[in-house]
Structures are given as structure tokens and as C-alpha cells.
Amino acid sequence: MPRPLAAEVEITPAGMRVAETPLFLDARRPRALSFVSHAHSDHIARHERVIATSATAALMAAKLGRRASVVTAPYGQAFDLGSLRLSLHPAGHVRGSAQILIRREGRRIVYTGDLGLSPSITAEAAEVVPCDVLILEATFGHPRYRLPPRAEALARVDAFVAAAFRRGEVPVLQAYALGKGQELIAHFANRGIPVRAERSIGVMTAAYREAGCDLPIPARFQGTVEPGEVLLIPPHPTKGCSLRQVPRRRTAVLTGWAVEAGAARRYGADEAIPLSDHADCEGLLRFAAATGAKRVYTVHGFCQPLAAALRAIGIQAQPLAKASQLELFE
């Protein structure tokens with residue numbers, strides 16, 4: 001007889017864990033064993049053992065060093081962990097990002113991690129995995145977040161760069177070192193536009209290449225930019241990444257938060273363009289419905305508004321609170 005859902009997954013001070021097993025899901029503190037959905041800093045830690053895709057393992061190693069024992073599996077290939085039957089499936093967020101399907105006593109549980117649903121040059125397309133229970137990340141889970149199609153956002157990036165070149169300015173794009181940085185490098189390579197980048201973006205690009213993504217390594221930014229180059233820096237530049245030697249510049253921050261008023265000012269940029277690696281609220285709703293999940297639990301970000309929006313379309317949904325087990329719907 002299947003165990004009640006409340007006994008399946010629980011929230012602990014160290015993070016989310018599959019109950020009665022050592023398996024954590026994106027634990028943010030070092031654990032004996034954790035699934036890592038992708039290599040962004042808020043989803044990794046120095047675990048003893050990791051379950052991840054080979055691409056995520058390479059990107060983690062670039063950040064943390066090769067310390068963990070890593071269990072890797074190709075997308076879609078099932079493997080056993082004690083009583084659990086596991087498989088990893090593309091999440092569309094960054095290179096190697098994965099959802100995990102957990103089969104236990106006849107029940108299928110999917111934890112998505114961060115989810116991207118727009119076509120990407122450098123990340124594998126997200127897969128809809130049929131399941132009974134869906135644990136859904138809610139980064140942009142509030143209905144007010146409506147992101148434009150990716151092609152439209154990239155067209156705005158192209159227009160920004162072209163206008164800066166016409167005025168004799170250096171176009172400076174603020175983009176995360178892992179994920180968006182590589183997407184932009186690929187985008188500009190396809191257009192024959194050379195890129196110069198802050199060190200961390202170059203390091204992650206080299207790790208992308210190790211993970212099987214054929215990208216040019218950008219020239220390293222060391223204070224100056226050649227005519228006709230685009231400069232990529234993180235939204236919060238690291239020490240030593242000074243723009244003082246680039247006097248004629250115009251800066252755009254590329255983030256999903258750009259849909260909020262005043263985003264450019266908060267990032268210290270001239271313009272904010274809503275280019276994101278995350279699904280917006282409408283995308284999350286469509287994705288949840290497509291999985292066929294009977295119950296959805298929302299985690300992180302705007303988990304309460306997303307749960308309410310799911311209930312409004314007839315899906316049983318509940319935000320997952322900290323330090324409590326998942327509760328049954330009655």
C-alpha cells in the first residue's frame with residue numbers, strides 16, 4: 001500500500017529530503033548525499049556524494065573543485081538508490097540542469113529545480129515528465145511576472161548593442177556568469193560580434209566546453225575593450241572588475257526582474273532587458289498542468305501566489321513551508 005504523501009518528502013533545517021532516505025534535493029548545506037539540479041551557487045554545497053548530470057558535475061567542479069563523489073547518469077536513464085528508482089530529465093534552465101523523477105512504491109514524484117521553458121542555444125530543452133506529485137520551483141511564480149518570448153528579448157539586446165556601436169559607446173551587458181553569459185556568447189558568435197568578458201564568465205564558458213557545449217572562449221576583460229566588442233560582466237561585478245577605464249559605455253542588465261519598475265536603477269544600469277533562464281508564472285502553470293500531477297507543491301520564490309494560481313485552474317496545490325512535512329490534501 002503506498003505511503004501517504006506526508007511521509008514521502010520533508011523539509012529539514014538543511015533542506016528538502018526524501019523521507020526515510022539519505023537523499024536531499026538541492027541541499028544548501030553540505031550533506032552526505034544530495035541531488036544537485038544545476039550548478040548555480042544557491043543550489044550547490046560541498047556534499048560528500050552528489051547525484052547530477054555530467055555537465056552539472058563539471059560546472060560544480062569549476063566552482064568548488066573536484067571534491068565530491070559524483071553519481072552521473074544520462075538524461076532518461078533510470079537507476080536505483082536503495083528502494084528508490086531515479087532518473088534525471090532536462091530542466092531547460094542552464095547547461096546540464098535537471099529534474100529528478102523519484103519512483104517509490106508505485107508513486108512518481110518529480111522535483112524540478114529551476115525550470116526554463118524558452119528555447120535556448122546552450123541549454124537542453126525542458127522535458128515534461130508525467131508524475132503523480134510535482135514539486136515546482138516558484139522563482140517567478142507571481143502572476144505579475146510575464147516575460148516576453150526569448151527571441152523578443154534577444155532582439156532588444158541586439159538593438160541595444162547596435163545603438164551603442166552607432167554612438168561610439170561600449171555596450172556593457174550585465175549577465176550571470178553561469179548560464180546567461182554563455183547564452184550571450186553563443187548568440188553573438190552567431191552574429192560575428194566579438195565578446196570580452198569578466199574572468200568568472202570565461203571560467204564558466206571553459207566549463208561549458210568541458211560539458212560538451214562548443215563555445216568560443218571570450219577575451220578576458222582587464223580594464224579595456226577593443227572597438228566593436230561587447231563587454232559581459234556579472235550583475236554584481238567581482239573585485240577587480242572596474243569599468244573606470246571604459247568611459248564611453250552604456251550598460252544593460254539582463255534579468256527576468258527587469259519587468260519590475262526601477263530595475264535598471266537598482267542594478268546601476270542604463271537599461272533593463274527581461275531576458276531570463278526561468279519560466280514565468282504562466283509557463284509554470286502550463287508545465288504543471290502538462291505533467292498530469294494530481295498534487296503540486298511549490299517551493300522557493302513566490303510559492304504562495306503560484307499555489308493559489310494553480311488552485312484557480314483546478315490543480316490541488318500547496319506552498320511548501322520550511323521545517324514541516326508535506327501535508328495531505330483532504
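Let me start at one small point: in strand β14, the residue that serves as bridge partner of R196 is A219. That pairing belongs to a link of 2 bridges between β13, residues 195–197, and β14, and the two strands run parallel. Please keep in mind throughout that what we have in front of us is a predicted model.

From that link we can step back to the sheet around it. Six strands, in the order β14-β13-β15-β12-β16-β17, make up an open sheet whose pairing is parallel. At its edges stand β14, residues 219–220, and β17, residues 271–273, and each has a single partner strand, so one side of each is left without a neighbour in the sheet. For anyone new to this, the strands of a sheet pair through backbone hydrogen bonds, either parallel or antiparallel.

Now let us look inside this sheet, at β12, which covers residues 170–174. Which strands does β12 pair with, and over how many bridges? With β16, residues 249–254, β12 pairs in the parallel sense over 5 bridges, and with β15, residues 230–233, it pairs in the parallel sense over 3 bridges. V172 is a useful residue to follow here, since V172 stands opposite T251 in β16, while in β15 the bridge partner of V172 is L231.

Are the residues of β12 buried or exposed? The strand is mostly covered, with 5 of its 5 residues buried. In a regular strand the side chains alternate between the two faces of the sheet. In β12, V170, V172 and Q174 lie on one side, P171 and L173 lie on the other, and these residues are all buried, which leaves both faces of the strand covered.

A helix also lies against this sheet: α3, residues 180–190, packs on it and touches β12, β13, β15 and β16, and the direction of α3 makes about 170° with that of β15.

Just ahead of β12 there is a residue worth a pause, R167, whose place is in the loop between α2, residues 150–166, and β12. With a relative accessibility of 41%, R167 counts as partly exposed, because that value falls between the limits of 20% for buried and 50% for exposed. R167 and R249 are separated by 82 residues in sequence, yet from C-alpha to C-alpha they are 9.7 Å apart in space. If we leave aside the neighbours within four places in sequence, R167 is in contact with R248 and R250.

There is a second sheet to describe. It is also an open sheet of 6 strands, in the order β1-β2-β3-β4-β5-β6, but here the pairing is mixed. Its edge strands are β1, residues 9–12, and β6, each of which pairs on one side only. Within this sheet, β3, residues 24–25, is joined to β4, residues 33–35, by 2 bridges, and these two strands run parallel; F24 stands opposite S34 in β4.

Turning to the helices, I begin with α1, residues 54–64, in which A55, T56, A57, A58, L59, M60 and A61 are buried. What covers these buried residues? The cover includes β5 (49–52), β6 (69–72) and α4 (199–210). Just after α1 comes G65, which takes a positive phi of about 90°.

The packing of α1 with α4 can be described in a little more detail. Their axes come within 8 Å and cross at roughly 150°, which makes α1 roughly antiparallel to α4. The crossing of α1 and α4 is right-handed. On the α1 side of the contact we find A58, L59, A62 and K63, and these meet V203, M204, A207, Y208 and E210 in α4. Sorted by class, this contact has 7 nonpolar, no polar and 2 charged residues. An α-helix has 3.6 residues a turn, so residues three or four places apart point the same way.

My last pair is α6, residues 281–291, and α7, residues 303–312, which pack at an angle of about 50° with their axes 10 Å apart. These two helices are therefore oblique to each other, and their crossing is right-handed. The contact is made by C281, L284, L285 and A288 of α6, together with L306, A309 and L310 of α7. The residues of this contact divide into 7 nonpolar, no polar and no charged.

How values were computed. Residues numbered from 1 in each chain as written. Predicted model: local features only at pLDDT ≥ 70, side-chain atom pairs only at ≥ 80, totals over all residues. Heavy atoms only, no water. Axes fitted to C-alpha atoms, helices over the stretch in contact; angles between N-to-C directions. Helix = DSSP H or I, 4+ residues; strand = E, 2+ residues; numbered from the N terminus. Parallel < 35°, antiparallel > 145°, perpendicular 65-115°, else oblique. Left-handed = near helix turned anticlockwise from the far one by under 90°. Contact = heavy atoms within 4.5 Å. Nonpolar A, V, L, I, M, F, W, Y, C, P; charged D, E, K, R; others polar. Buried < 20%, exposed > 50% of the residue type's maximum accessible area, 1.4 Å probe, protein only. Pairing = 2+ DSSP bridges.
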